[in-house]
Amino acid sequence: MESRKITVTVNGQAHTRDVETRMTLADFLRHDLGMTGTHVGCEHGVCGACTILLDGRTARSCLTLAVQTDGHAIDTIEGMAPNPKDKTAPMHPLQEAFRDNHALQCGFCTPGMLTTIIELLRDNPEPSADEVRIAISGNLCRCTGYQTIVAATLDAAKRLKAEGRKP
Amino acid sequence: MSAPSSPLRSNRVLRVEDPDLLKGSGKFVDDMHLPGMLQAAFVRSPMGHAKVVSIDVSAALEVPGVHRVLTRDDLLPHLATEFIVVGLPSPAYKQDINRPALSGLEVVHVGEPVAIVLADNRYIAEDAAALVMVEYDPLPAVGDPREALKPGAPLVHSSSPHNLLAEFDMGYGDVDAAFASAPHVFKESLWQHRGGGHSIECRGDVAAYDPFSETLTLWSSTQTPHAGRSVLAGMLGWEEERIRVVTPDVGGGFGPKLIFYPEDVAVALAAYITGRPVKWIEDRREHFVATTQERDQYWDVEIAVDDNAKILGLRGSIVHDHGAYTARGVNLPYESAQTVTLAYEIPAYFMNVKLALTNKVPVTPVRGAGQPQGVFCMERMLDRVARELKLDRAEVRSRNLITAAQMPYTKPLKSRGGRQVVLDSGNYPACQADALAKAGLADFPARQAAARAEGRHIGLGFANFVKGTGRGPFEPVTVRVDPASGKVNVYSGATAMGQSTKTMFAQIVAEQLGGDISLINAKPGDTGSIAMGLGGFNSRLAVMAGSSAHLAAIKVRDKALLIASKVLKLPIEDLHLIGGRVEAKSDPSKSITLGQLAKSVAGVAGFVLPDGVTPGLEATEHFVVDDMAYANGCAAVEVEVDAETGGVHINKFVIAHDCGAVINPMVVDGQIVGAVAHGIGNALYEWMGFDDNCQPVTTNLGEYLLITAPEVPFIEVSHHESPTYLNPLGVKGVGECGVVPTAAAIMSAIEDALKEFNVFIAQTPITPGEIVAKIEAGRKSA
């Protein structure tokens, strides 16, 4: 199998690795970098669990090859909370809103939901409930019925506005 | 730390599971990596039915990075039995059809595993799996369970005498007499389909064998680790002691993960045979062809009523698609048939149930487990009665619903375990009235007329349900104070798959042990930490494991107070537990932590325990209850149907429900809303299709439609609380409830929207095309 050397910046940190050209970005993140926060639910681009931010825009990491991201910046769920290792430190306002609104049950779709909603809130800081539903229409959740995810997103938008923060 | 201002139970407590899951540090089975681990891929049958003539693995073994390819012949020397025998007991079986670990003689459904390839990574394993040459000799296949039962139908298994897997009758009263004298009898044929579980995390296993301790550990995304251990031990011919099954974080269960699968035993044996850890993670296509589903039931039913719409009797038959093997038992159609009459007074009932083998992946419960079908039957028939007798649909139900004054109400039915069915509590008419009021029934006729004047078709529908929850007989829980940390560990065979089990344990245990949830460390789903367990299914964990945790926590509390009274030399009455320590009420400076108390009874060689105290600060409880706690409710829905396209838009959805005492209203809302969304999918979107040769035709999430956010309306939940007397918490299960009435309510609403076309819907799901066809038929006949 053909391999190439790539350098990818993940959550602000550069990683250089030799990867097979056919390796997906999801597998690169999960297996080569050990960043298992990004989840794989369908491997054909429908469920959205593997969604990451590639140069700030959402992308399916199951449909992206690792070699395509050479020289690019990726953000994953692991990079959202300011102090992820500190159990008592506050998380990102969107993560806090997810917890406060019970927007996750099994938590498997959550990484893709969070990255998708980050993009939404950057594009549209005060979305309506209907706009949230459309924004997450490419992310499947089998547990929540989406209602609390919509509520959490609206709540997060309010918190960010109150704090004068960008998502 | 001060005492909690309100009781922990019944409060909206934030979940202990969330921080890890939100930060990407959850621990799902695919997140495990062990040194030297091999990755597995399965070779699966591409045919619905065929003889396996030969399997040639030589080309696969030549692929660099491939270590082994195991077939049935490789597994057999290690197996006491090659069959996975898991059928729940029943006298109804006509034949025992159990799945083999790997199929090597005859494949009976697409997706059945015939070989496991072990390689350095999954990419290589899949490359090699494609090179395993299996020669098949195709045999005729049958997929429609009604066809399968006809004389001369192709045999699902060539060695079987016929395709009738099981048959039973259920009922009571003189149903023939009731029908013979009934002034009105209405008859319907119903087709009910439910799809797959489709947790967003597919199945997965990691297995490792330790030759020093001669033990095998299987980490699996299973809902039932103890059952898995038991089955695996039986198949290997090992003591259970040598096997540990651990359920890590699970990305949704929904039923299919309670089953023990061929892949589970193949992965476990592969680790044993190779001496290397082995991982297999199911992909979505495999989930479509190899994970159990719920699929099809065909009902022929008739209802007898008097002139006042009082039900005189209900009778009929069900043909149930069982799939190619018994992977759980006859329980699913049993629950369907048993659920039909639950909410109503029905003097006579008879149902004949036939389970037909088909050349499809086995059928086992998906969230709701046959009960949505029973409710669908009853509610569709009551809508038919209302229409025929020109009565209000709510009035027809009110005349037949069991009332609160009649509770507890004994049904002349036996549960699958032989127990009398007794509806313990609930106010069914109140739930119906509440749901209809909140759905806007009062002014609905005016709104409907106004909409119609604008050319729009809106309709209101509803359905009542009663659902058995808290399946017994027990779910043990150990509560143990860790002497080193003072933390309270909670162990159970209960499994957490998204339903907030750890939070439930934390609330219930902390309530007795000082009120600090952060001290509770719930570790469910590990056979290594508790001897017995049944697992998570049938909306049972809050009822069964919650009750055991409650009782165990009370024992630990009482013991902590007793030890503290000895150590502090104070009367028990002066002591209370608060934030991880026992404190004197009279003098808060006198206190001792739970950790110190645990140490004081952990034993020091040669030194005596405090007077009258037994060793260890822990308790294990096996709360036993055989009778089920019956939850109930009513779903009311307003839809708008586009008469040109057949598109259904849900304007409003209300569910009034009663799951007894509520432990955490936030979690209960989440369970209800999520299950309703699942039910909407069952009504309008989800369909697992097969062609005439039993080839699945919906094998990705583009072809098989899981509901997405824009299709789900805001779902309003109204709580009613009728605590049950069956357990110390007064709780009933809730996990499945929302799915149970939903399809029936939606069909009722669609019919109401299209009443000018005289549409009757006798199926679920229904597609826009089918709705248009019904409208066209109605226009022609008008």
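Helices (H or I, at least four residues) and strands (E, at least two) are taken here as DSSP runs, numbered from the N terminus. With that in hand, let us walk through this predicted model, starting with its largest pocket.

**The largest pocket**

The largest pocket holds about 1,400 Å³ of space. Its lining counts 47 residues, and those closest to the centre of the pocket are V16(B), E17(B), D20(B), K502(B) and N521(B). Which element gives the largest share of this lining? That is β23(B), with 5 residues. Both chains have a part in the lining: α2 (93-100) of chain A supplies at least two residues, as do α1 (18-22), α15 (501-512) and β23 (520-524) of chain B. By character, the lining residues of this pocket split into 21 nonpolar, 12 polar and 14 charged.

**Two open sheets in chain B**

Chain B also offers a pair of sheets to look at, set side by side here.

| Strand order (chain B) | Number of strands | Pairing | Edge strands |
|---|---|---|---|
| β24-β25-β26 | 3 strands | antiparallel | β24 (575-578) and β26 (591-593) |
| β6-β2-β8 | 3 strands | antiparallel | β6 (106-107) and β8 (133-138) |

Take the sheet β24-β25-β26 of chain B to begin with. From one strand to the next, its twist averages 20°. Helix α16 (residues 541-568) of chain B packs on this sheet, where it touches β24, β25 and β26 of chain B. The direction of α16 makes about 125° with that of β24(B). Within the sheet, strand β25 (residues 581-584) of chain B is joined to β26(B) by 3 bridges, the two running antiparallel. If you would like a residue to find on screen, try R581(B), whose bridge partner in β26(B) is T593(B).

Now for the sheet β6-β2-β8 of chain B. Its edge strands, β6 and β8 of chain B, each pair on one side only. How many bridges link strand β2 (residues 50-56) of chain B with β8(B)? There are 6, and the pairing is in the antiparallel sense. Along this pairing, V52(B) stands opposite Y136(B) in β8(B).

**Confidence in chain B**

How far does the predictor trust this chain? The pLDDT of chain B averages 96, and 99% of the residues score at least 70. Residues 1-6 of chain B are another matter, with a pLDDT below 50. In the model, this stretch has 8 contacts beyond near neighbours in sequence.

Methods. Residues are numbered from 1 along each chain as its sequence is written. Chains are lettered from A and ligands numbered from 1 in the order in which they are written. This is a predicted model: local features need pLDDT of at least 70, side-chain atom pairs count only at pLDDT 80 or more; totals for chains, interfaces and linings use all residues. Side-chain values use heavy atoms; hydrogens and water are left out. Two strands pair if DSSP finds at least two bridges between them. Axes are lines fitted to C-alpha atoms, for helices over the stretch in contact, and angles run from 0 to 180 degrees between N-to-C directions. Contact means heavy atoms within 4.5 Å. On a 1 Å grid over the protein atoms alone, a cavity is a set of points where a 1.4 Å probe fits but cannot get out, and a pocket is an open set with protein on both sides within 12 Å along at least five of seven lines; lining residues have an atom within 4 Å of a point. Grid points are joined across faces, edges and corners, and a volume is the space filled by probe spheres set on the points. Ala, Val, Leu, Ile, Met, Phe, Trp, Tyr, Cys and Pro count as nonpolar, Asp, Glu, Lys and Arg as charged, and the others, Gly among them, as polar. pLDDT is the predictor's confidence in each residue, from 0 to 100.
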